[in-house]
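Work through the exercises below with the model open. Each task is followed by a solution in steps.

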Amino acid sequence: MFCKFCGCEIADDAQFCTNCGKSLQWTEAYTDTAAVSPMEEEFISKFSSKNFGIATILLTVATALSFVAGILANDISIPIFNIFAIIAFWQLKNKAENQSPLASFASSFKILRIINVIQRVLLWIVVGAFGVSGVLMVAVGASFDETFAESFIEGFNEGAVDLELGGFENIFGSVTDNIFIIIIIMGAVFVILAAVVAIFAATMYGTFVKCAKQYEDTANSGVNVITKQNSARVWLIVMAVFSILSAVGSLGVSNAAEILALAGEVCNIVFLFFMINVLKEDNLQ
C-alpha cells in the first residue's frame, strides 16, 4: 500500500510510514471520525440545493419589496419576523455549502421555531380579543330590555338630527325592532370566526413549530426524528393558495407602492412553491 501522507510505498501491515514516520493507525481513526454521516449528507444536500438557494433569495427579495412598498405608502413597519427568518435561511444555506457539522444546523432551526411560536401567540391574542368582543356583543344584545332599547334609539335619532345626518335616523329606525337581535348575531359571528382562526393558528403554526423542533433535535442528535415534514408541506400549499387569491384580488394596482407590494406577493408565492419542493427532495421522513 501507499502512505496517505507522503505517497511512499510501504508494507500492507505497516503501522508507521518508513519514509515520513507518521502513524497509519491514527490516519484510519481520523478518517472514521471525520467521515460525513448519512444524516449530515441529507442536510447538506437539502440546504445546498438549487431549490433552497432560490427560495432563500426569493424570501429576501419579497421582504425587501414589501418593506419598500410600505415606505412609499407611509406605513413604515419593520418586518422583524421575516428578517430573522431570512437570517436563518442564509445560515442554513451557508452551512450546507461549507459542509459544516450537523449540529451547527440546529441554531438556525431554533430561530425558525421561536419565530413561529411568537407568531402563534400574537395571533391567539388577536383572536382572543375578537372572541371576547363577540361574547360581549351577545351578552349586551341579550340583556337590553324594551325600555332601554326605546331610550337608546330615541337618543340616537336625536343625535343624528343634531349632527344633520339626514336619513340616518330613518335607516336606523327601520331596524329598531331587530337591532339587538342583529347585535347578538354579529357577536356570534365574531365568536365563530375567532374559533376558526384559533384552530387554524393552532394547527398551522403548531405544525411548523414541531417540524422545526424535529429538525433541530435531528441536527443535535444525528438521529432522524422528523415526522411533521409532510404536514408542513401541506400547510405551505394552503399558504400558497391564500397568497395567490390575495395577489389576484390586488391586480388593479394604481401606484408604485401597490406595484411593489404585488411584486413582493408574487415573489412570496414562488418562494412557497420552491420550499414545497425543498421539503420533498430528500428521504428524511
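**Exercise 1. Locate Gln99 and judge its backbone and exposure.**

Solution. Gln99 sits in the loop between helix 4 and helix 5. Helices here are DSSP runs of H or I with at least four residues, strands are E runs of at least two, and both are numbered from the N terminus. Next, the backbone: Gln99 is not a glycine, yet its phi is positive, about 50°. For background, most residues other than glycine have a negative phi. Last, exposure: Gln99 counts as exposed because its relative accessibility is 56%. The classes are buried under 20% relative accessible area, exposed over 50%, and partly exposed in between, with a 1.4 Å probe and protein chains only.

Before going on, note the ground rules. This is a predicted model, in which local features need pLDDT of at least 70 and side-chain atom pairs count only at pLDDT 80 or more, while totals for chains, interfaces and linings use all residues. Residues are numbered from 1 along each chain as its sequence is written, and side-chain values use heavy atoms, with hydrogens and water left out.

**Exercise 2. Carry out the analysis of Exercise 1 for Asn74.**

Solution. Start with the place: Asn74 lies in the loop between helix 3 (50-72) and helix 4. Its phi is positive, about 60°, although Asn74 is not a glycine. With a relative accessible area of 72%, Asn74 is exposed.

**Exercise 3. Describe the chain as a whole.**

Solution. Count the elements: the chain has 10 helices and 0 strands. Then take burial: 32% of the 285 residues count as buried. Then take contacts, meaning heavy atoms within 4.5 Å. Among contacts between residues at least 6 apart in sequence, 68% join residues at least 24 apart.

**Exercise 4. Analyse how helix 3 packs on helix 4.**

Solution. Step one is geometry. The angle between helix 3 and helix 4 is about 155°, and their axes are 10 Å apart. Axes are lines fitted to C-alpha atoms, for helices over the stretch in contact, and angles run from 0 to 180 degrees between N-to-C directions.

Step two is orientation. Helix 3 and helix 4 are therefore roughly antiparallel. The cut-offs are under 35 degrees for roughly parallel, over 145 for roughly antiparallel, 65 to 115 for roughly perpendicular, and oblique for the rest.

Step three is handedness. Helix 3 and helix 4 cross in a left-handed way. That term applies if the near helix is turned anticlockwise from the far one by less than a right angle; clockwise would be right-handed.

Step four is the contact. From helix 3, the residues include Phe52, Gly53 and Thr56; from helix 4, they include Phe89, Trp90 and Lys93. By class, this contact has 8 nonpolar, 5 polar and 1 charged residues. Nonpolar covers Ala, Val, Leu, Ile, Met, Phe, Trp, Tyr, Cys and Pro; charged covers Asp, Glu, Lys and Arg; the others, Gly among them, are polar.

**Exercise 5. Treat helix 2 with helix 4 in the same steps.**

Solution. Helix 2 (residues 38-47) meets helix 4 (residues 80-97) at an angle of about 120°, with axes 8 Å apart. The two helices are therefore oblique to each other. The crossing of helix 2 past helix 4 is left-handed. Phe43, Ile44 and Phe47 of helix 2 contact Leu92, Lys93 and Ala96 of helix 4. The class count is 5 nonpolar, no polar and 1 charged.

Now look at Lys93 itself. Is Lys93 buried or exposed? Lys93 counts as buried because its relative accessibility is 15%. Beyond four places in sequence, Lys93 touches Phe47, Phe52, Gly53 and Thr56.

**Exercise 6. Finish with helix 4 and helix 5, then place Ser108.**

Solution. Helix 4 and helix 5 pack at about 160°, their axes 8 Å apart. They are therefore roughly antiparallel. Helix 4 passes helix 5 in a left-handed crossing. Among the residues that meet are Phe84 and Ala88 in helix 4 and Ser108 and Leu112 in helix 5. The contact divides into 12 nonpolar, 4 polar and 1 charged residues.

Ser108 belongs to helix 5 (residues 106-143). With a relative accessible area of 0%, Ser108 is buried. Leaving aside neighbours within four places, Ser108 contacts Ala88, Gln91, Leu92 and Lys95. Ser108 and Glu216 are 108 residues apart in sequence, but their C-alpha atoms are 8.1 Å apart in space.
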